[in-house]
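User: I have a model open and would like to learn how to read its features. Can you take me through some of them?

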Amino acid sequence: MADKPTLPRRHPTGIPGLDLILEGGLLASGVYIVQGPPGAGKTILANQACFHHAANGGRALYVTLLAESHSRMFGHLRRMAFFDERAIPDRVYYIGGYSALESEGLDALVRVIRGAVQKQKATLLVVDGLVSAQESSPTSREFKKFLHEVQTLGDMTGCTVLLLTNAERSSGFFPEHTMVDGVLHLTDELSELRPLRHIRILKLRGSAPVRGLHSVRISDRGLEVRPRIETIVGKGPLAEGRVAAGPKLGFGLPELDRMLRGGVRSGSITMLLGSSGSGKTLLGMQFLSEGLKHHQRGVYFGFFEHPDAVLAKCQRIGIGGLKEGVERGDLLIVWHRPVEGVIDELGESLLNAVIANRADRLFIDGMEGFERAADFPERISHVYSAIAQELERIGVTTLYTTETRELFGREIEVPMTGLSAATQNIMLLRHVEHHAAMRRVMAILKVRDDDYDARMRELQITDDGLRLVDTFTSESSIVSGGGVSNDARAKTTEP
């Protein structure tokens with residue numbers, strides 16, 4: 001039996017998410033370029049890798065070729081959680097190479113770096129300001145020679161090298177890319193008024209990186225990378241027919257459970273589609289409340305209305321057990337403000353909450369929160385499909401709300417592309433005019449592979465909870481902008 005090939009040794013960067021897309025970290029003795037415009041996070045990334053390397057027994061050398069003093073750089077880094085001043089200078093050593101470069105050129109700089117690596121026994125080297133070395137080089141040949149010297153140093157000492165440089169180049173050609181083992185490209189852009197940061201692996205020898213753009217966040221915790229969630233979850237086949245054969249979970253509303261022939265299937269995903277104020281959130285909370293009565297754990301994941309207000313409203317109208325469920329730990333409340341979020345971070349938060357709470361039931365209040373956090377609108381359908389598959393694989397029964405664009409109207413349009421295909425059930429909630437009064441109505445539009453009652457019911461919100469009433473038994477149609485049949489078996493469309 002042939003021996004398995006020995007995998008090359010890697011140095012993890014310690015940056016959340018980055019090691020995942022790098023297939024474990026940077027190759028020992030590898031030379032990597034980290035490029036990007038000013039403010040993209042290159043210096044933070046490199047320092048974070050240095051302190052992680054030192055914390056795990058390694059020694060790091062940080063060489064600056066810029067005019068910025070080390071004390072000024074430390075002043076910016078001190079607020080970062082990873083910064084450990086106790087590691088300086090024994091495990092993380094900083095030197096300036098700018099003076100040697102200015103006075104004697106690249107050969108002198110190589111001597112300075114070589115001597116410091118050997119003296120400090122460094123296993124991670126950062127050269128911050130590669131563009132200064134390139135500008136000081138009399139010819140491109142001399143600059144390539146400098147890079148070759150750095151590569152040779154890494155090979156001889158087993159030292160991994162990070163070269164930080166500006167990504168802007170008038171020619172658009174980067175000859176140094178051909179000489180290194182990897183290129184990490186950071187971006188810092190604006191989408192309308194919203195800042196967007198990404199990282200992209202342009203090149204990575206000896207590895208199979210997760211390609212494409214990945215979201216980056218910089219905070220007091222340092223730099224965090226959020227791999228595109230559709231590349232890391234929702235992979236692999238699902239058990240055929242598992243949802244269709246599962247038991248049914250009820251809402252605790254007798255009329256609705258009769259319409260659903262007992263409830264929704266365990267592990268299924270149900271869309272609550274409706275206009276503002278039609279009762280979507282309350283119906284979702286009723287679903288969680290009913291689960292708690294049967295000792296089923298739940299997760300509420302919301303964006304817009306604050307959970308305290310939602311819980312107070314539920315208690316006021318008689319949807320009970322939610323506050324007590326939170327206090328026991330059976331119901332987990334997760335709330336994200338719908339501003340400047342990262343869709344991959346939201347997806348990760350959702351899945352982590354479901355797994356951590358061992359949830360049987362999940363209610364996502366406002367799928368538009370994911371849409372607002374999308375860096376590129378075309379990702380929405382891929383992200384939703386990946387999350388939906390992962391939720392189905394976990395086995396949690398999910399309800400989510402999404403809002404129709406029109407309060408009234410004959411056509412029913414799903415506002416977000418790609419939702420219907422990955423959703424087993426769709427329930428419609430809306431306002432209609434009936435006998436000169438506006439009423440809330442609910443109907444079932446779709447239940448995959450199951451029978452259901454498609455006739456509309458009036459949804460009443462009372463002091464004793466939610467009630468579904470067969471108000472329209474004798475009606476052939478009711479009015480909602482235009483004539484709407486009392487049979488809700490309608491075609492939903494997506495933009």
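User: At what angle do the axes of helix α5 and helix α7 cross, and within what distance do they come?

Analyst: Bear in mind that this is a predicted model. Two packed helices are described by the angle between their axes and the distance between the axes. Here, helix α5 (residues 106-120) and helix α7 (residues 140-157) cross at roughly 10 degrees, and their axes come within 10 Å. Angles under 35 degrees count as roughly parallel, so α5 is roughly parallel to α7.

User: Which residues in α5 and α7 meet?

Analyst: From α5, look at L106, L109, V110, I113, R114 and V117. Their partners in α7 are E142, F143, F146, E149, L153 and T157. Sorted by class, this contact has eight nonpolar residues, one polar and three charged.

User: Now another pair. At what angle do helix α9 and helix α10 pack?

Analyst: The angle is about 80 degrees, and the axes lie 11 Å apart. In sequence, α9 covers residues 280-293 and α10 covers residues 307-317. An angle of 65 to 115 degrees counts as roughly perpendicular, and α9 and α10 are therefore roughly perpendicular to each other. The contact uses T281, L282 and M285 of α9. On the α10 side it uses V310, L311, K313, C314 and I317. Six of the contact residues are nonpolar, one is polar and one is charged.

User: Next, the backbone. Which residues does a cis peptide bond join?

Analyst: For this feature, read omega. The cis bond joins I88 and P89, with omega about 5 degrees. To find P89, go to the loop between α3 and β5 (92-96).

User: And phi? Where is S29, and what is its phi?

Analyst: Check the sign of phi, then the residue type. S29 is not a glycine, yet its phi is positive, about 75 degrees. S29 sits in the loop between β2 (26-27) and β3 (31-35). K121 is another case: its phi is near 55 degrees, positive in a residue other than glycine. K121 belongs to the loop between α5 and β6 (124-128).

User: Is K121 buried or exposed?

Analyst: For that, read the relative accessible area. Exposed means over 50%; K121 has 61%, so K121 is exposed.

User: Let us turn to empty space. How many residues line the second largest pocket, and which lie nearest its centre?

Analyst: Read a pocket by its volume, then its lining. The second largest pocket holds about 450 Å³ of space. Its lining has 24 residues, with P38, G39, K42, T43 and D128 nearest the centre. The elements that give two or more residues to this lining are α2 (42-55), α3 (70-77) and β7 (160-165). By class, 11 lining residues are nonpolar, eight are polar and five are charged.

User: What about cavities: how many of 30 Å³ or more are there?

Analyst: The count is four. The largest cavity has a volume of about 70 Å³. Its lining is made of 10 residues, and M367, F370, V383, Y384 and I387 lie nearest its centre. Two or more lining residues come from each of α12 (343-356) and α14 (380-394).

User: Which element gives the most to the lining of the largest cavity, and how do the residues divide by class?

Analyst: α14 gives the most, with four residues. The class split for the lining of the largest cavity is 10 nonpolar, no polar and no charged.

Key. Residues are numbered from 1 along each chain as its sequence is written. This is a predicted model: local features need pLDDT of at least 70, side-chain atom pairs count only at pLDDT 80 or more; totals for chains, interfaces and linings use all residues. Side-chain values use heavy atoms; hydrogens and water are left out. Axes are lines fitted to C-alpha atoms, for helices over the stretch in contact, and angles run from 0 to 180 degrees between N-to-C directions. Angles under 35 degrees count as roughly parallel, over 145 as roughly antiparallel, 65 to 115 as roughly perpendicular and the rest as oblique. Contact means heavy atoms within 4.5 Å. Ala, Val, Leu, Ile, Met, Phe, Trp, Tyr, Cys and Pro count as nonpolar, Asp, Glu, Lys and Arg as charged, and the others, Gly among them, as polar. On a 1 Å grid over the protein atoms alone, a cavity is a set of points where a 1.4 Å probe fits but cannot get out, and a pocket is an open set with protein on both sides within 12 Å along at least five of seven lines; lining residues have an atom within 4 Å of a point. Grid points are joined across faces, edges and corners, and a volume is the space filled by probe spheres set on the points. Buried means under 20% relative accessible area, exposed over 50%, partly exposed in between (1.4 Å probe, protein chains only).
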